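Work through the exercises below with the model open beside you. Try each task before reading its solution.

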Amino acid sequence: MKKEEILYKYEKRKDNVLYILHEFQDLNPYNYVTDDDMQLIADYIGIPYSKVYGTASFYSMISEKPRGKHIIRLCDSPPCHLMGSIDILDVIKEELKIEVGETTPDMIFTLEKTACLGVCGVAPVMMIDDEVYGNLTPKKVRKILTEYKEGTK
Amino acid sequence: MAQRLNVLVCSGASCLSSGSIEIKKKMLEEIKKAGLEDEIRIIETGCMGPCELGPVILVYPDEILYKKVKKKDVEEIVENHFLKGRPVERLLYKSPETEKLIKKHEEIDYFKKQKKIVLRNCGMIDPESLEEYVALDGYEALGKALTEMSRDEVLKEIETSGLRGRGGAGFPTHLKWKFTKDAEGDQKFVVCNADEGDPGAFMDRSVVEGDPHTVLEGMAIAGYVVGASKGYIYVRAEYPLAIERLRKAIKDAKEYGFLGENIFDSGFDFDLEVRIGAGAFVCGEETALIHSIEGKRGTPRPRPPYPSISGLWEKPTNLNNVETYANVRHIILKGGDWFASIGTESSKGTKVFALSGDIQNTGLAEVPMGTTINELIYDIGGGAPEGKEIKAVQLGGPSGGCITKEYFDTPIDYESLTELGAMMGSGGVIAMSQDTCMVNTAKFFLDFNTFESCGKCTPCRVGLKQMYKMLDKITKGEGEKGDIDKLVELGESIKKTALCGLGQTAPNPVLSTIKYFRNEYRQHIENKKCSAMVCTDLLTYTIDPDKCKACTLCAQNCPVDCIDGERGVVHEIREDECIKCGNCYDVCPFDAVIKTTGELE
C-alpha cells in the first residue's frame, strides 16, 4: 500500500497520528518512521512537524531509526526476571553479537527489551514480531533464532 | 446433528506460545483419519487459567482435562479416548498430595476454590464466535437494560452490587458512572482501559482474548447509563491477538445489531472503536491514556478535573478497566444483591489474580474477595516449587508492595492490602522465595518505574533516579549508614508530591521492602552480605584446596584469567581481579568452588 493510500484512510484529525505512525512503520522494510514520513503526516493533518515527532519519540514501539526485519522483544519484567530472563538475554546477545537496542549488520534482527508481555505463566518470555515464545531456555532460544535465520519462520 | 464430543483447545497466549495451534492442526488431521469429523468438534478457546499445565485440552461432555499435551500425544488421545472411550491416563492431572489421578477438571485443586464470574466464558467458548457468546446469555443484560430498565435503575443496580474499579484503586463504579451521567456535555464517551502494563498481570489480556464480547456488553451498558454514544477501547500494541479479537467482536456485534444504531429498537446508539498504544506504561494512567487516544504524547495531567467531568476532548468520559466492565452484565442479569452477597464488607464480588514467579501453578485464578493470601498461593497456587519456600508475595506490580509470610492469612480486599503497604493493583501476584533478594527486587521495580517515568514532574523524574542510585550503591556493597532513612524520606516525599498515580506509587516497592525486610537492607549495608546470593558484587568465590583436583577446568572457563594453578597444582582465585561471573562455580565437577557472601566473621 502506498503512503498516500494510508493517509486517505484517516480523517485529518490529530488523534489519528499514532495510527498512521504505526502503519507507516509497518510498511517500512526497516521497521521505522523516517523524517519524511513524519513531515508527510504533519502536512496531511495540518499540525507542526514537532508535534508528530513529539508523539513518535514518546512511544518506545515507534522507532526513528532503521531496525531489523525481525524485532526481538525480550520481557525483563519481574516475573520473567525471577525466572532467568537475564540468562536468555546473554544467549541472544551471544548468538547475534549485538547489545540491547542494536541491530545486526545484515539488518535481520533488532534486540529490544520490553515491558511485561502478559504471558507471565510461562516466563521467561520473548516476542519476535507478533509471535510469543514462552518457557525459554538457552537451548530453545538458539533453536528459535536459527529458524528465523534460516528463514523457516 | 450435535457432536458427540467437544474438544476445547486452550489458545490463550501462554498455551499458544507452547504450541497449541500445532496440536489443534494435528488433532484435526487425526480425527479425519479416524473418520470422526462428524462426531467431534474442535474449538479454540481463550485462556482456561492453569498456564503451568499448558498446553491444555478439555474434552466435553466428560470434562476431562489433558495437561502438557504435545503434538506426539495427539494420535494416542484420538485413538484411545475419542475412538475407544478410554482417556489417556498419563496426560491427566495428578493430585500432588494424594498422587490420585483426577479426570474431571473441576475437581482439580486449582479450580476448586475459584469462583468464576469474570472468567466464566474464558476457556469455555470460541472467543471469535458471537453465536457461542449469545448462547451463554450474551447481550441479554444489554437487552434487559435497554428495554426493561431506566438509566437510573441500571445505576441503582450497580450501586447495590458494590462493584469497585478493578484497575487498582478500587473507586466505586456507580459513583464514576453517576458523575459522568450528571456532567454536562453535548457528547460523552465511554473508555475501556486495556493498557494492562503491570508486570505480572495478565487477566485483562485473557478476558479480552478469551471473551471479548463481555467487555463490549459492559461498555454498552455503561454508555446507556452515562448517555454516551461512542466508546473507545485502548489496548497496548504488545497484545496483537487482543486487538484482532476485539476488532472482530466489534464488527460481529455491529452486524447483529448489538452495537450501532437503535440497539434493540430502544433508540440507543452506541459505537465502539479500538485504539492502540505504542509501548508506554504511563498510558495506563487515565489522563495519560486520554492524551494518547487523542494522538498526543501520553503524559498525565493534574486532576481535578476528573475525566468524568472533562475527559476525552474535554468531554465527560467514563473510564473503567476491562475487568470492571466484564462484571457489569452479570450484575444486571443476576442483580446487585447477588453480587453483593459475594466478598467482604467493603469489597464485593470476585477478583482475578495472576499468579507468577516462584510458584508451582502459575496462571489465572478468580476468587471471591476475602479469600486469604494463603488460600490463593497454597491451595490454588500449590506453593513454591520443590526445594523452595515462599517468603513474600509482591502484589500490585511496580506500584504495589510486598507482603510477608506472617500476613498470609489476611483476607484479600482493597483496604486490608493497602493497610499492609501493598495494594490490589490490577491483581498481579508474584511469589518470591529465599532465592530472591528483596533489595535487588526493589531496585528492579524502581528501575522499571524510572524508565517509564514520563518526565513531566520533577519528583518522579529526578527523585526516582536518586532513589535508584542509592539502591544501586547498596547492592554493590557501597551502601552507607543512614541510606535506609534517606530512602524512606525521599520515597515519602515523592509519594506526596508526584503528579500522577505512577509517580505517587512508584516508591512503594522500596518502602514496603524496607518495612518488612529492613534486615536484608542492613545486611547489604553493614555486612556487605546478600543472603539470597543475588547481588554479585557481594559474592566471593574461593576454591577449597581439599576438594580441588587441579583439573584446570575452572581456569579454562575464567573469562578474565584470574585463576592460578596448573595440572597437579591446587587452584586459587585472585580475588581482586575476579568479576564474579560464577563460571568456575558452575563448571567445577567436584564442588570445590565455594560461593560466600558477607564479610568474613
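## Exercise 1: A covered strand

Phe189(B) stands opposite Thr317(B), a residue of strand 11 of chain B. The model is predicted: local features need pLDDT of at least 70, side-chain atom pairs count only at pLDDT 80 or more, and totals for chains, interfaces and linings use all residues. Residues are numbered from 1 along each chain as its sequence is written, while chains are lettered from A and ligands numbered from 1 in the order in which they are written.

Task: Find how strand 7 and strand 11 of chain B run and how many bridges join them.

Solution. Start with strand 7, residues 189–194 of chain B. Strands (E, at least two residues) and helices (H or I, at least four) are DSSP runs, numbered from the N terminus. Next, count the links: five bridges join strand 7 to strand 11 of chain B. Two strands pair if DSSP finds at least two bridges between them. Finally, the direction: the two strands run parallel.

Task: Decide whether the faces of strand 11 of chain B are covered or open.

Solution. First, recall that side chains in a regular strand alternate between the two faces of the sheet. Then sort the residues. Thr317(B), Leu319(B) and Asn321(B) lie on one side and are buried. Asn318(B) and Asn320(B) lie on the other and are buried too. A residue is buried if 20 or more other C-beta atoms lie within 10 Å of its own, exposed if 12 or fewer, and partly exposed in between; C-beta atoms are placed from the backbone. Both faces are covered.

## Exercise 2: Four cysteines

Task: Explain why the listed "binding site" residues gather at one spot.

Solution. First, the list: an unreviewed UniProt entry gives Cys75(A), Cys80(A), Cys116(A) and Cys120(A) as "binding site". They span 46 residues in sequence, yet no two of their C-alpha atoms are more than 9.5 Å apart, so they gather at one spot. UniProt positions follow the numbering used here, feature names are shortened, and annotations may be inferred rather than shown by experiment.

Task: Place Cys75(A) and Cys116(A), and say whether each is buried or exposed.

Solution. Cys75(A) sits in strand 1 (residues 70–75) of chain A. It is buried, because 28 other C-beta atoms lie within 10 Å. Cys116(A) is in the loop between strand 2 (109–114) and strand 3 (126–128) of chain A. Cys116(A) is buried as well, with 30 C-beta neighbours inside 10 Å. Now look at contacts, meaning C-beta atoms, placed from the backbone, within 7 Å. Leaving aside neighbours within four places in sequence, Cys116(A) touches residues including Cys75(A), Gly197(B) and Asp198(B).

## Exercise 3: Where the chains meet

Task: Describe the side of chain B that touches chain A.

Solution. Count first: 43 residues of chain B are in contact with 35 residues of chain A. Then name the elements that give two or more residues to this side: helix 1 (13–17), strand 12 (350–357) and helix 17 (438–452) of chain B. Last, sort by class: 18 nonpolar, 16 polar and nine charged residues. Ala, Val, Leu, Ile, Met, Phe, Trp, Tyr, Cys and Pro count as nonpolar, Asp, Glu, Lys and Arg as charged, and the others, Gly among them, as polar.

## Exercise 4: An exposed residue

Task: Locate Asp485(B) and say whether it is buried or exposed.

Solution. Asp485(B) is in helix 19 (residues 483–497) of chain B. It has 10 C-beta neighbours inside 10 Å, so it counts as exposed.

Key. Two residues are in contact if their C-beta atoms, placed from the backbone, lie within 7 Å.
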